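Subject: Structure for your review

Dear colleague,

Please find below the structure that I am handing over to you. My notes on what was found in it follow.

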Amino acid sequence: MHYITMVAVDVEKCPVSNNEDREVQARIAELEMQKAALVGKKDSLYAGVSLDCEMQYLKSVANPFARAVDRAVDVALEPFCEEPENPKYLEFYDQTEYMKSRYETSVYDCLKFPNGKIVLEYEVQKDFCVKGGKVYQKNVGPLKLDKRTKRAKSIIPLPNYPLKKMYKTFETCIEDFFGMEYNEEYGGYGYMCNPNSFWDWYRIGGRWPFAFLVKESCTEFSEGNHDDGELPAAPEGYKWTCAARKKDIQWQVLIEHKKQRMRKQFHKLQEIFVIKSLPENDCWLRLCDDGVYAYGGIALYLDGETYEENQSRRKFESDSDYLATPDYLVGNGQWHDENTVPYVEGKESRTTWLDALKAFYHGLSDETVLVSVDTHN
(Lines give C-alpha, C1' and ligand atoms only; values in the text may rest on other atoms or scores of the structure.)
Protein backbone atom coordinates (compact mmCIF):
# COMPACT_ATOMS: atom_id res chain seq x y z
CA MET A 1 0.00 0.00 0.00
CA HIS A 2 1.09 3.56 -0.69
CA TYR A 3 0.73 6.29 1.92
CA ILE A 4 1.26 10.05 1.95
CA THR A 5 3.92 10.87 4.52
CA MET A 6 4.71 14.48 5.40
CA VAL A 7 8.34 14.84 6.47
CA ALA A 8 9.67 17.99 8.15
CA VAL A 9 13.44 18.48 7.82
CA ASP A 10 15.99 21.23 8.37
CA VAL A 11 17.96 22.19 5.28
CA GLU A 12 20.56 24.92 5.33
CA LYS A 13 20.73 27.56 2.63
CA CYS A 14 22.23 25.77 -0.36
CA PRO A 15 25.13 27.38 -2.25
CA VAL A 16 24.98 27.47 -6.04
CA SER A 17 26.48 24.32 -7.53
CA ASN A 18 26.63 24.92 -11.27
CA ASN A 19 29.16 22.16 -11.96
CA GLU A 20 27.12 19.45 -10.27
CA ASP A 21 23.92 20.79 -11.85
CA ARG A 22 25.55 20.59 -15.28
CA GLU A 23 26.71 17.03 -14.60
CA VAL A 24 23.16 15.99 -13.70
CA GLN A 25 21.71 17.67 -16.80
CA ALA A 26 24.38 16.11 -19.01
CA ARG A 27 23.55 12.66 -17.66
CA ILE A 28 19.82 13.25 -18.23
CA ALA A 29 20.54 14.29 -21.84
CA GLU A 30 22.68 11.17 -22.31
CA LEU A 31 19.89 8.94 -21.01
CA GLU A 32 17.34 10.63 -23.25
CA MET A 33 19.56 9.89 -26.27
CA GLN A 34 19.89 6.24 -25.18
CA LYS A 35 16.11 5.98 -24.84
CA ALA A 36 15.56 7.54 -28.27
CA ALA A 37 17.94 4.97 -29.74
CA LEU A 38 15.74 2.17 -28.39
CA VAL A 39 12.71 3.19 -30.43
CA GLY A 40 11.60 0.35 -32.67
CA LYS A 41 14.10 -2.13 -31.26
CA LYS A 42 13.03 -5.56 -30.07
CA ASP A 43 12.88 -6.21 -26.31
CA SER A 44 13.47 -2.53 -25.56
CA LEU A 45 10.68 -2.20 -22.96
CA TYR A 46 12.71 -3.25 -19.91
CA ALA A 47 15.70 -1.13 -20.92
CA GLY A 48 13.42 1.85 -21.51
CA VAL A 49 11.83 1.51 -18.08
CA SER A 50 15.28 1.32 -16.49
CA LEU A 51 16.34 4.51 -18.27
CA ASP A 52 13.12 6.26 -17.23
CA CYS A 53 13.69 5.34 -13.58
CA GLU A 54 17.20 6.79 -13.60
CA MET A 55 16.06 9.93 -15.39
CA GLN A 56 13.24 10.45 -12.90
CA TYR A 57 15.65 10.20 -10.00
CA LEU A 58 18.14 12.60 -11.61
CA LYS A 59 15.38 15.12 -12.24
CA SER A 60 14.48 14.87 -8.56
CA VAL A 61 18.01 15.95 -7.58
CA ALA A 62 18.60 18.44 -10.38
CA ASN A 63 19.38 21.41 -8.09
CA PRO A 64 21.35 21.85 -4.83
CA PHE A 65 18.22 22.29 -2.70
CA ALA A 66 16.63 19.10 -4.09
CA ARG A 67 19.82 17.14 -3.40
CA ALA A 68 19.96 18.44 0.17
CA VAL A 69 16.30 17.49 0.67
CA ASP A 70 16.99 14.01 -0.72
CA ARG A 71 19.76 13.47 1.87
CA ALA A 72 17.76 14.95 4.75
CA VAL A 73 14.70 12.79 4.06
CA ASP A 74 16.89 9.69 3.90
CA VAL A 75 18.22 10.46 7.40
CA ALA A 76 14.78 11.36 8.78
CA LEU A 77 13.12 8.16 7.53
CA GLU A 78 15.81 5.60 8.33
CA PRO A 79 14.60 5.04 11.95
CA PHE A 80 11.27 3.90 10.52
CA CYS A 81 12.56 1.58 7.77
CA GLU A 82 11.75 -2.14 7.85
CA GLU A 83 15.41 -2.94 7.15
CA PRO A 84 17.49 0.02 8.34
CA GLU A 85 21.24 0.07 7.72
CA ASN A 86 21.89 1.17 11.29
CA PRO A 87 21.40 -1.82 13.65
CA LYS A 88 20.54 0.45 16.58
CA TYR A 89 16.96 0.63 15.28
CA LEU A 90 16.55 -3.14 15.41
CA GLU A 91 15.27 -5.30 18.27
CA PHE A 92 15.31 -9.04 18.72
CA TYR A 93 11.87 -10.69 18.64
CA ASP A 94 12.19 -13.94 20.57
CA GLN A 95 9.90 -16.57 19.05
CA THR A 96 11.15 -19.56 21.06
CA GLU A 97 8.06 -20.14 23.22
CA TYR A 98 5.67 -19.47 20.35
CA MET A 99 7.52 -21.93 18.11
CA LYS A 100 7.55 -24.54 20.87
CA SER A 101 3.76 -24.25 21.00
CA ARG A 102 3.61 -24.68 17.21
CA TYR A 103 5.82 -27.75 17.47
CA GLU A 104 3.64 -29.36 20.16
CA THR A 105 0.22 -28.66 18.61
CA SER A 106 0.52 -28.20 14.81
CA VAL A 107 -0.82 -30.85 12.44
CA TYR A 108 -0.51 -31.09 8.66
CA ASP A 109 -1.96 -33.24 5.90
CA CYS A 110 0.85 -35.55 4.87
CA LEU A 111 1.59 -38.50 2.58
CA LYS A 112 3.67 -41.57 3.43
CA PHE A 113 5.64 -43.04 0.54
CA PRO A 114 6.63 -46.73 0.20
CA ASN A 115 10.20 -46.00 1.36
CA GLY A 116 8.77 -44.69 4.64
CA LYS A 117 9.39 -41.03 3.84
CA ILE A 118 6.66 -38.68 5.08
CA VAL A 119 6.13 -35.44 3.16
CA LEU A 120 3.64 -32.61 3.37
CA GLU A 121 0.76 -33.04 0.95
CA TYR A 122 1.18 -29.58 -0.56
CA GLU A 123 4.84 -30.32 -1.37
CA VAL A 124 3.79 -32.93 -3.95
CA GLN A 125 0.49 -31.39 -5.03
CA LYS A 126 1.76 -31.06 -8.58
CA ASP A 127 1.83 -34.86 -8.90
CA PHE A 128 -0.65 -36.20 -6.32
CA CYS A 129 -3.95 -35.32 -4.68
CA VAL A 130 -6.21 -36.90 -2.05
CA LYS A 131 -9.91 -37.56 -2.73
CA GLY A 132 -12.16 -39.41 -0.33
CA GLY A 133 -9.21 -40.57 1.73
CA LYS A 134 -7.39 -42.06 -1.27
CA VAL A 135 -4.33 -40.85 -3.16
CA TYR A 136 -4.60 -40.13 -6.89
CA GLN A 137 -1.88 -39.43 -9.38
CA LYS A 138 -2.53 -36.27 -11.36
CA ASN A 139 -2.39 -35.60 -15.11
CA VAL A 140 -2.34 -39.26 -16.15
CA GLY A 141 -2.68 -40.25 -19.81
CA PRO A 142 -3.63 -38.24 -22.89
CA LEU A 143 -6.63 -36.70 -21.09
CA LYS A 144 -4.55 -35.62 -18.10
CA LEU A 145 -6.92 -37.16 -15.56
CA ASP A 146 -6.49 -37.94 -11.87
CA LYS A 147 -6.19 -41.73 -11.50
CA ARG A 148 -5.56 -44.38 -8.88
CA THR A 149 -2.36 -45.66 -10.45
CA LYS A 150 -0.19 -48.41 -8.95
CA ARG A 151 2.13 -45.73 -7.66
CA ALA A 152 -0.72 -43.76 -6.10
CA LYS A 153 -2.07 -46.87 -4.36
CA SER A 154 1.30 -47.38 -2.68
CA ILE A 155 1.09 -43.98 -0.97
CA ILE A 156 -0.72 -43.70 2.35
CA PRO A 157 -2.55 -40.45 3.23
CA LEU A 158 -1.91 -39.12 6.75
CA PRO A 159 -4.45 -36.37 7.45
CA ASN A 160 -3.79 -34.10 10.43
CA TYR A 161 -0.41 -35.67 11.05
CA PRO A 162 1.34 -34.15 14.12
CA LEU A 163 4.38 -32.05 13.36
CA LYS A 164 5.98 -33.51 16.46
CA LYS A 165 5.95 -36.97 14.84
CA MET A 166 7.70 -35.65 11.73
CA TYR A 167 10.58 -34.19 13.75
CA LYS A 168 11.87 -35.94 16.85
CA THR A 169 13.32 -32.77 18.41
CA PHE A 170 12.16 -29.18 18.63
CA GLU A 171 15.55 -27.90 17.49
CA THR A 172 15.46 -29.98 14.29
CA CYS A 173 11.91 -28.88 13.54
CA ILE A 174 12.44 -25.16 14.00
CA GLU A 175 15.63 -25.14 11.95
CA ASP A 176 14.66 -27.54 9.15
CA PHE A 177 10.89 -26.97 8.92
CA PHE A 178 10.51 -23.31 9.93
CA GLY A 179 13.96 -22.22 8.76
CA MET A 180 14.76 -20.28 11.92
CA GLU A 181 18.28 -20.20 13.32
CA TYR A 182 19.33 -20.01 16.97
CA ASN A 183 20.63 -16.56 17.92
CA GLU A 184 23.61 -16.99 20.22
CA GLU A 185 23.70 -13.33 21.27
CA TYR A 186 20.09 -13.26 22.48
CA GLY A 187 19.84 -16.90 23.49
CA GLY A 188 16.75 -17.88 21.53
CA TYR A 189 15.08 -18.46 18.20
CA GLY A 190 13.74 -15.32 16.57
CA TYR A 191 14.51 -12.46 14.22
CA MET A 192 15.69 -8.86 14.22
CA CYS A 193 12.98 -6.31 13.53
CA ASN A 194 12.42 -2.57 13.70
CA PRO A 195 9.37 -2.11 15.99
CA ASN A 196 8.85 1.43 14.64
CA SER A 197 8.93 0.57 10.94
CA PHE A 198 6.18 1.69 8.60
CA TRP A 199 7.88 1.64 5.17
CA ASP A 200 9.96 -0.67 3.00
CA TRP A 201 10.64 1.79 0.18
CA TYR A 202 9.75 5.38 -0.61
CA ARG A 203 9.97 8.11 -3.21
CA ILE A 204 9.91 11.86 -2.70
CA GLY A 205 6.78 12.93 -4.56
CA GLY A 206 5.89 9.53 -5.96
CA ARG A 207 2.14 9.36 -6.52
CA TRP A 208 1.67 12.79 -4.92
CA PRO A 209 4.16 15.24 -6.49
CA PHE A 210 1.63 18.11 -6.44
CA ALA A 211 1.66 18.66 -2.68
CA PHE A 212 2.47 22.39 -2.55
CA LEU A 213 2.22 25.52 -4.65
CA VAL A 214 5.09 28.02 -4.67
CA LYS A 215 5.65 31.13 -6.75
CA GLU A 216 7.27 30.67 -10.15
CA SER A 217 10.21 32.74 -8.89
CA CYS A 218 10.91 30.31 -6.02
CA THR A 219 14.35 28.70 -6.43
CA GLU A 220 14.22 26.30 -3.47
CA PHE A 221 11.98 23.45 -4.60
CA SER A 222 12.08 19.79 -5.62
CA GLU A 223 10.32 18.19 -8.56
CA GLY A 224 10.52 14.86 -6.76
CA ASN A 225 10.93 11.37 -8.13
CA HIS A 226 7.39 10.94 -9.35
CA ASP A 227 5.45 8.82 -11.80
CA ASP A 228 5.52 9.73 -15.47
CA GLY A 229 2.89 12.14 -16.69
CA GLU A 230 2.15 15.84 -16.55
CA LEU A 231 1.31 17.53 -13.27
CA PRO A 232 -2.09 19.25 -13.01
CA ALA A 233 -2.05 22.78 -14.36
CA ALA A 234 -0.95 25.20 -11.64
CA PRO A 235 -2.60 28.62 -11.18
CA GLU A 236 -0.92 31.34 -13.19
CA GLY A 237 2.28 32.54 -11.54
CA TYR A 238 2.75 29.40 -9.45
CA LYS A 239 4.27 25.93 -9.81
CA TRP A 240 3.85 22.56 -8.13
CA THR A 241 6.50 21.12 -5.86
CA CYS A 242 6.68 18.28 -3.36
CA ALA A 243 9.31 19.98 -1.16
CA ALA A 244 9.57 23.62 -0.09
CA ARG A 245 10.27 25.80 2.90
CA LYS A 246 7.23 26.57 5.01
CA LYS A 247 7.56 30.30 4.27
CA ASP A 248 7.46 29.69 0.48
CA ILE A 249 4.37 27.50 0.42
CA GLN A 250 1.36 29.48 -0.79
CA TRP A 251 -1.16 27.97 1.59
CA GLN A 252 -4.15 30.16 0.72
CA VAL A 253 -3.58 29.77 -3.03
CA LEU A 254 -3.43 26.02 -2.47
CA ILE A 255 -6.72 26.08 -0.56
CA GLU A 256 -8.51 28.18 -3.18
CA HIS A 257 -7.20 25.95 -5.97
CA LYS A 258 -8.54 22.85 -4.18
CA LYS A 259 -11.92 24.52 -3.63
CA GLN A 260 -12.21 25.25 -7.35
CA ARG A 261 -11.31 21.65 -8.20
CA MET A 262 -13.86 20.34 -5.70
CA ARG A 263 -16.61 22.50 -7.19
CA LYS A 264 -15.77 21.27 -10.71
CA GLN A 265 -15.72 17.70 -9.44
CA PHE A 266 -19.12 18.15 -7.80
CA HIS A 267 -20.77 19.36 -11.03
CA LYS A 268 -19.11 16.57 -13.02
CA LEU A 269 -20.38 13.94 -10.57
CA GLN A 270 -23.83 15.51 -10.64
CA GLU A 271 -23.82 15.26 -14.44
CA ILE A 272 -22.70 11.62 -14.29
CA PHE A 273 -25.59 10.78 -12.00
CA VAL A 274 -28.14 12.60 -14.15
CA ILE A 275 -27.10 10.98 -17.44
CA LYS A 276 -26.46 7.62 -15.68
CA SER A 277 -23.16 7.10 -17.48
CA LEU A 278 -19.60 6.82 -16.16
CA PRO A 279 -16.62 8.21 -18.08
CA GLU A 280 -15.07 5.65 -20.40
CA ASN A 281 -12.28 3.56 -18.86
CA ASP A 282 -12.88 4.97 -15.36
CA CYS A 283 -12.40 2.08 -12.94
CA TRP A 284 -12.57 4.15 -9.76
CA LEU A 285 -16.16 5.39 -9.81
CA ARG A 286 -19.33 3.42 -9.06
CA LEU A 287 -22.77 4.57 -10.23
CA CYS A 288 -25.49 3.58 -7.74
CA ASP A 289 -29.21 4.29 -7.32
CA ASP A 290 -28.60 7.04 -4.76
CA GLY A 291 -25.43 8.64 -6.09
CA VAL A 292 -21.86 8.25 -7.31
CA TYR A 293 -19.34 6.41 -5.17
CA ALA A 294 -15.59 6.06 -5.23
CA TYR A 295 -13.80 2.74 -5.19
CA GLY A 296 -14.07 1.55 -1.59
CA GLY A 297 -17.63 2.74 -1.00
CA ILE A 298 -17.04 6.47 -0.36
CA ALA A 299 -20.05 8.55 -1.42
CA LEU A 300 -18.73 11.38 -3.61
CA TYR A 301 -22.16 12.63 -4.64
CA LEU A 302 -25.65 11.81 -3.34
CA ASP A 303 -28.83 12.45 -5.28
CA GLY A 304 -30.29 15.92 -4.73
CA GLU A 305 -27.63 17.42 -2.49
CA THR A 306 -26.27 20.92 -3.08
CA TYR A 307 -22.57 21.71 -3.32
CA GLU A 308 -22.62 23.15 0.19
CA GLU A 309 -24.36 20.05 1.56
CA ASN A 310 -21.91 17.85 -0.29
CA GLN A 311 -18.89 19.61 1.20
CA SER A 312 -20.34 19.55 4.69
CA ARG A 313 -21.17 15.83 4.49
CA ARG A 314 -17.65 15.09 3.26
CA LYS A 315 -16.17 17.10 6.14
CA PHE A 316 -14.86 20.00 4.06
CA GLU A 317 -15.95 22.74 6.43
CA SER A 318 -12.90 24.92 7.16
CA ASP A 319 -10.05 26.10 4.95
CA SER A 320 -7.58 23.63 6.44
CA ASP A 321 -9.85 20.73 5.41
CA TYR A 322 -8.92 21.45 1.79
CA LEU A 323 -5.22 20.82 2.39
CA ALA A 324 -3.84 17.35 1.68
CA THR A 325 -4.13 15.17 4.77
CA PRO A 326 -1.09 12.90 5.10
CA ASP A 327 -1.36 9.38 6.51
CA TYR A 328 1.88 9.79 8.44
CA LEU A 329 3.82 12.70 9.85
CA VAL A 330 7.57 12.60 10.54
CA GLY A 331 9.42 15.34 12.38
CA ASN A 332 11.86 15.83 15.24
CA GLY A 333 12.78 12.16 15.16
CA GLN A 334 9.21 10.97 15.74
CA TRP A 335 6.40 9.72 13.57
CA HIS A 336 2.68 10.06 14.08
CA ASP A 337 -0.52 8.93 12.41
CA GLU A 338 -4.21 9.20 13.18
CA ASN A 339 -3.96 6.38 15.73
CA THR A 340 -1.24 8.06 17.79
CA VAL A 341 -3.23 11.24 18.39
CA PRO A 342 -4.84 11.26 21.84
CA TYR A 343 -8.59 10.73 21.86
CA VAL A 344 -10.67 13.88 22.41
CA GLU A 345 -14.17 13.48 23.82
CA GLY A 346 -16.82 14.37 21.25
CA LYS A 347 -14.43 14.65 18.29
CA GLU A 348 -13.95 12.30 15.37
CA SER A 349 -10.48 10.84 14.93
CA ARG A 350 -10.06 12.62 11.59
CA THR A 351 -10.82 15.97 13.22
CA THR A 352 -8.30 15.41 16.01
CA TRP A 353 -5.72 14.35 13.40
CA LEU A 354 -6.31 17.55 11.41
CA ASP A 355 -6.00 19.58 14.61
CA ALA A 356 -2.72 17.83 15.40
CA LEU A 357 -1.43 18.57 11.90
CA LYS A 358 -2.34 22.24 12.18
CA ALA A 359 -0.62 22.48 15.56
CA PHE A 360 2.48 20.79 14.15
CA TYR A 361 2.67 23.08 11.11
CA HIS A 362 2.09 26.15 13.29
CA GLY A 363 4.99 25.19 15.54
CA LEU A 364 7.49 24.86 12.71
CA SER A 365 10.04 27.51 11.83
CA ASP A 366 9.43 29.38 8.59
CA GLU A 367 12.73 27.92 7.33
CA THR A 368 11.65 24.29 7.92
CA VAL A 369 11.30 22.26 4.74
CA LEU A 370 8.14 20.20 4.28
CA VAL A 371 8.42 17.21 1.97
CA SER A 372 5.63 15.06 0.55
CA VAL A 373 6.85 11.46 0.43
CA ASP A 374 5.18 8.40 -1.07
CA THR A 375 5.94 5.60 1.40
CA HIS A 376 5.12 1.96 0.73
CA ASN A 377 4.55 -0.94 3.09
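To begin with a single residue, K315 lies in the loop between α9 and β18; helices (H or I, at least four residues) and strands (E, at least two) are DSSP runs, numbered from the N terminus. Phi of K315 is near 70°, a positive value in a residue other than glycine. K315 counts as partly exposed because its relative accessibility is 34%; buried means under 20% relative accessible area, exposed over 50%, and partly exposed in between (1.4 Å probe, protein chains only).

Please note that this is a predicted model, in which local features need pLDDT of at least 70 and side-chain atom pairs count only at pLDDT 80 or more, while totals for chains, interfaces and linings use all residues. Residues are numbered from 1 along each chain as its sequence is written, and side-chain values use heavy atoms, with hydrogens and water left out.

A positive phi is also found at N332, where the value is near 55°, again in a residue other than glycine. N332 belongs to the loop between β18 and β19 (334–337), and with 71% relative accessibility N332 counts as exposed.

Salt bridges

The structure holds 16 salt bridges, a salt bridge being a side-chain nitrogen of Lys or Arg within 4 Å of a carboxyl oxygen of Asp or Glu. K259 takes part in a salt bridge with D319, and the closest N and O atoms are 2.8 Å apart. This pair links distant parts of the chain, with K259 in helix α8 and D319 in the loop between α9 (307–313) and β18 (328–331), 60 residues apart. K259 also meets the side chain of E256 in a salt bridge (3.9 Å, N to O). E256 and K259 are separated by about one helical turn, because they are 3 residues apart in helix α8 (residues 251–275). The three residues are partly exposed: the relative accessible area is 34% for E256, 24% for K259 and 33% for D319.

Another salt bridge joins the side chains of E305 and R313 (2.9 Å, N to O). Here E305 is buried, at a relative accessible area of 9%, whereas R313 counts as partly exposed at 30%. Elsewhere, K13, E220, R245, K247 and E367 are joined into one network by salt bridges that share partners.

An open sheet

Three strands form an open sheet in the order β2-β10-β9, with antiparallel pairing. The edge strands, each pairing on one side only, are β2 (91–94) and β9 (182–183). Between β2 and strand β10 (residues 188–193) the antiparallel pairing runs over 4 bridges; two strands pair if DSSP finds at least two bridges between them. D94 stands opposite G190 in β10.

A charged patch

E171, E175, D176 and E181 form a negative surface patch. Such patches are made of residues with over 30% relative accessible area and no salt bridge, like charges being joined within 9 Å and nonpolar side chains (Val, Leu, Ile, Met, Phe, Trp, Tyr) within 5 Å. Within the patch, D176 is found in helix α7 (residues 170–177) and counts as exposed, at 56% relative accessibility.

Yours sincerely

Definitions and conventions. Areas by Shrake-Rupley, 256 points an atom, 1.4 Å probe, with all protein chains shown as cover. Lys, Arg positive; Asp, Glu negative; His and termini not counted. Charge placed at Lys NZ, Arg CZ, Asp CG, Glu CD.
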